[in-house]
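Take a walk through this fold, one sheet at a time. Keep the model in view as you read.

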Amino acid sequence: TWYGETMIRHARIALASLGEAGAEIEALKGGYAGSVSIGAIAGPAMSLLPTALARVAKEHPDLRVSLLVESSDVLLERLEQNRIDFLVGRLFEGHDKRHLHYQALAEEEICAIARPGHPILALETIDLAELARGSWIVPPEGSVLRHRFELMFRGAGLQPPKQVLSTTALVFISKMLQESDYMAVVPVDVARHYARHDMVRIVPVELSCRMDSFGLITRTDWLLSPGARVVLQALQEAATEVYGTPPAA
């Protein structure tokens, strides 16, 4: 009957939808589909993430991955709010570690960068007194690197640089350096990336404002999805190649 034909048509649609749902669930179980959101600080975002995510894209083309590059404090807050699955960053003394697992990856070196042709690059020797007289782009107040950058000068009996711009926006930093005599304090991985493209020069001076090691941070009270585990494993494997980090247990 006409009524029966209507029911059959809807039943076929429902069965087809159930078949698609089953296929999607199998893809999710295998880590081949779904969405994964991760966070990273600037250094590993340059050196580690491209290698790992390129591998994920090749082996799992239907897996959607989003990346947030921010400070560790911001990323840990996003992790607590379930807005990212895991992160590559740092844990400091003040962080609540009760529900966090940390796998160390590498230490992060810091250096100074400036535009090609910057006057400071013409000096035979560069000391802290000369750096203190310069103009700098630095992280915002309250950040660990900003504190250690200023402490480096105070420890040598000098006042920290007075002319500073505060930002972590790498796009702005690279453009500002090209158009001024500012210098910037950044992770070595970031500096090498821009130096390879002839956008900046690494200032030949060793800075004592080193940063603590960084690593993979996951939650122990939250089960990672199969897709998130795929990305996490790719990062662990890439870390072994990039940093020589021992494989995770």
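The text below goes through two sheets, their helices and their cores.

This is a predicted model, in which local features need pLDDT of at least 70, side-chain atom pairs count only at pLDDT 80 or more, and totals for chains, interfaces and linings use all residues. Residues are numbered from 1 along each chain as its sequence is written, and side-chain values use heavy atoms, with hydrogens and water left out.

Begin with the sheet ordered E2-E1-E3-E10-E4. It is open, has 5 strands and shows mixed pairing. Helices (H or I, at least four residues) and strands (E, at least two) are DSSP runs, numbered from the N terminus. Two strands pair if DSSP finds at least two bridges between them. Strand E2 (63-69) and E4 stand at the edges; each has a single partner strand, so one side of each lacks a neighbour in the sheet. Neighbouring strands are turned by 20° against each other on average, direction ignored. E1 and E3 run parallel, joined by 3 bridges. Isoleucine 38 has phenylalanine 86 in E3 as its bridge partner.

Now add the helices. H3 packs on this sheet, touching E1, E2 and E3, and its direction makes about 165° with that of E2. Contact means heavy atoms within 4.5 Å. Axes are lines fitted to C-alpha atoms, for helices over the stretch in contact, and angles run from 0 to 180 degrees between N-to-C directions. H9 lies across E1, E2, E3, E4 and E10, at about 20° to E3.

H4 buries Ser72, Leu75, Leu76 and Leu79. Buried means under 20% relative accessible area, exposed over 50%, partly exposed in between (1.4 Å probe, protein chains only). Seen down the H4 axis, these residues fall within an arc of 120° or less, namely 100°, so they line one face of the helix. The arc is that of the directions from the helix axis to the C-beta atoms. The buried residues of H4 pack against E1, E2, E3, E4 and E10. Just after H4, asparagine 82 takes a positive phi of about 65°.

What fills the space between these elements? The largest nonpolar core has 32 residues, of which Phe86, Val88, Val231 and Leu235 touch the most other members. A nonpolar core is a set of buried Ala, Val, Leu, Ile, Met, Phe, Trp, Tyr and Cys residues joined through side-chain atoms within 4.5 Å. Strand E1 (34-40), helix H3 (49-59), helix H4 (72-80), strand E3 (86-89), strand E4 (100-106), strand E10 (214-219) and helix H9 (226-242) each give two or more residues to this core. H9 gives the largest share, 8 residues. Leaving aside neighbours within four places in sequence, leucine 235 contacts Leu48, Leu49, Ala52, Phe86, Val88 and Leu216. A second, separate core holds 20 residues, including Ala114, Leu131, Ala132 and Phe149.

Turn to the other sheet. It is open too, with 5 strands in the order E7-E6-E8-E5-E9 and mixed pairing. Strand E7 (164-166) and strand E9 (201-202) are at its edges, each with a single partner strand, so one side of each has no neighbour in the sheet. Strand E5 (residues 110-114) and strand E8 (residues 182-187) run antiparallel, joined by 4 bridges. Isoleucine 113 has alanine 184 in E8 as its bridge partner.

Helix H6 (residues 144-154) lies across E5, strand E6 (135-138), E7 and E8, at about 150° to E6. Helix H7 (residues 170-178) lies across E5, E6, E7 and E8, at about 145° to E8. In H6, Leu145, Arg146, Phe149, Met152 and Phe153 are buried. Seen down the H6 axis, they fall within an arc of 120°, so they line one face of the helix. Their cover includes E5, helix H5 (128-132), E6, E7 and E8.
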